[in-house]
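Please open the model in a viewer and keep the selection panel at hand. The tour below proceeds stop by stop, naming what to select and what is found there.

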Amino acid sequence: MSQLIDGKMISQQIKDELREEAARLKARGRNACLAVVQVGEDPASTVYVRNKKKACAYIGIDSKSYELPEETTEEELVALVKELNADAQVNGILVQLPLPAHIDEDRIIRTISPEKDVDGFHPVSVGRLWIGEKGFLSCTPAGIIQLLKRSGIEIEGKECVIVGRSNIVGKPMAALLLRENGTVTVTHSRTKDLKNVTGRADILIVAIGRKKYITSEYVKEGAVVIDVGMHRGEDGRLCGDVDFADVEPHTSAITPVPGGVGPMTIAMLMDNCVETIRGQEERP
Ligand code: NAP
């Protein structure tokens with residue numbers, strides 16, 4: 001029987017722990033405030049932003065909203081981010097991606113102060129992650145580490161294969177698994193004989209953005225499979241990059257979609273927000 005890794009339950013556990021921690025820090029006069037910036041009215045972004053603000057309210061983190069029109073110029077957005085960098089009331093800054101095509105996302109990410117970079121996308125945060133320094137962790141991969149640890153799955157010494165090398169999932173995932181002493185392989189669209197490589201994995205992490213691409217032929221018997229993908233199927237239901245029905249019987253543990261990796265991303269964003277007010281002594 002495969003273990004179903006319950007991201008809904010684990011993310012709730014983390015949010016409850018953070019809520020208690022935030023209340024303790026508040027009692028000592030430390031208050032977190034997240035500035036959430038959205039440009040335009042992309043419906044998916046609006047849902048993400050709403051959920052992030054709801055999570056802040058649950059945990060006891062203040063949030064400030066900046067809803068800017070689609071026509072906002074890059075210079076106007078840079079000016080706002082600089083203003084938020086300088087605002088002592090604001091501890092964390094989140095600019096919801098994607099931005100409209102006329103705005104250079106990289107420039108905006110680099111304008112956010114690394115000390116307020118709760119998404120963990122700034123090159124300074126990425127560098128800190130790779131050299132093992134304390135810093136903001138990219139939320140989705142950090143959530144996957146929590147899913148594994150809190151489900152009792154050991155990473156140390158395991159063959160970990162990641163499918164996908166994006167800056168937001170695949171690459172930071174590799175750094176975090178290395179930090180946990182996994183043996184890590186990163187694959188991508190130019191990888192030769194992908195099935196042979198993924199077939200070695202004790203822990204297989206899939207982030208390719210292709211609906212139900214990974215079938216049982218890619219998976220070693222008894223592997224742990226983590227599915228980062230998120231798609232709307234023809235039947236209107238959500239599904240992942242992994243063909244769950246085909247793969248699940250061959251695994252020892254697997255994440256569902258929805259209810260696996262998805263809910264963890266916001267929980268870890270909240271962890272980064274609380275991190276902005278943790279003193280040296282409270283750092284886990
Ligand atoms: P991305 O930026 O599109 O990157 C996809 C990666 O997969 C690329 O590195 C690409 O290789 C690789 N790839 C594509 N086709 C492949 C193939 N046939 N064989 C091997 N590798 C292949 O995607 P992403 O942003 O990492 O997102 C991946 C998925 O996760 C999407 O479905 C996204 O919606 C989802 N997601 C979910 C969450 C969450 O919170 N649950 C968060 C982020 C993303 P190349 O580099 O060679 O092009």
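Begin with Asp193, which is placed in the loop between β6 (183-187) and α8 (194-198); helices (H or I, at least four residues) and strands (E, at least two) are DSSP runs, numbered from the N terminus. The phi of Asp193 is near 50 degrees, a positive value in a residue other than glycine. Most residues other than glycine have a negative phi, and most peptide bonds are trans.

Before the next selection, please note that residues are numbered from 1 along each chain as its sequence is written. The model is predicted, with local features needing pLDDT of at least 70 and side-chain atom pairs counted only at pLDDT 80 or more, while totals for chains, interfaces and linings use all residues; side-chain values use heavy atoms, with hydrogens and water left out.

**Two cis peptide bonds**

Select Leu97 and Pro98: the peptide bond from Leu97 to Pro98 is cis, with omega near 0 degrees. Pro98 lies in the loop between β4 and α4 (105-111). Move next to Val257 and Pro258, where the peptide bond is again cis, with omega near 0 degrees. The loop that holds Pro258 runs between β11 (251-254) and α10.

**The helix pair α1 and α10**

Select α1 (7-27) and α10 (262-275). Their axes, which are lines fitted to C-alpha atoms, for helices over the stretch in contact, with angles running from 0 to 180 degrees between N-to-C directions, lie 9 Å apart at an angle of about 15 degrees. That makes α1 roughly parallel to α10; angles under 35 degrees count as roughly parallel, over 145 as roughly antiparallel, 65 to 115 as roughly perpendicular and the rest as oblique. The crossing of α1 with α10 is left-handed, meaning that the near helix is turned anticlockwise from the far one by less than a right angle, whereas clockwise would be right-handed. Residues of α1 in this contact (heavy atoms within 4.5 Å) include Ile10, Ile14, Leu18 and Leu25, and those of α10 include Met264, Ala267, Met268 and Val274. By class, the contact of α1 with α10 has 10 nonpolar, two polar and four charged residues; Ala, Val, Leu, Ile, Met, Phe, Trp, Tyr, Cys and Pro count as nonpolar, Asp, Glu, Lys and Arg as charged, and the others, Gly among them, as polar.

**Helix α6 and its partners**

Keep α1 selected and add α6 (residues 139-150). At what angle do α1 and α6 pack? The angle is about 100 degrees, with the axes 10 Å apart, and α1 and α6 are therefore roughly perpendicular to each other. Gly7, Ile10, Gln13, Ile14 and Glu17 of α1 meet Gln146, Leu147 and Arg150 of α6. This contact of α1 with α6 comprises three nonpolar, three polar and two charged residues.

Now replace α1 by α7 (residues 170-179), which packs with α6 at an angle of about 40 degrees, the axes being 9 Å apart. That makes α6 oblique to α7, and the crossing is right-handed. Pro141, Ala142, Ile144, Ile145 and Leu148 on the α6 side meet Pro172, Met173, Leu176 and Leu177 on the α7 side. The contact of α6 with α7 has nine nonpolar, no polar and no charged residues.

**The largest pocket**

Select Tyr48, Thr140, Met230, Gly262 and Thr265, the closest to the centre of the largest pocket among the 41 residues that line it. About 1400 Å³ of space lies in this pocket. On a 1 Å grid over the protein atoms alone, a pocket is an open set of points with protein on both sides within 12 Å along at least five of seven lines, a cavity is a set where a 1.4 Å probe fits but cannot get out, and lining residues have an atom within 4 Å of a point. Which helix supplies the largest share of the pocket lining? It is α2, with seven residues. The lining divides into 23 nonpolar, 12 polar and six charged residues.

**The largest cavity**

Finally, select Val95, Leu97, Ile108, Ile109, Ile112, Asp117, Asp119 and Phe121, which line the largest cavity. Its volume is about 60 Å³, a volume being the space filled by probe spheres set on the points, with grid points joined across faces, edges and corners. The lining of the largest cavity has six nonpolar, no polar and two charged residues.
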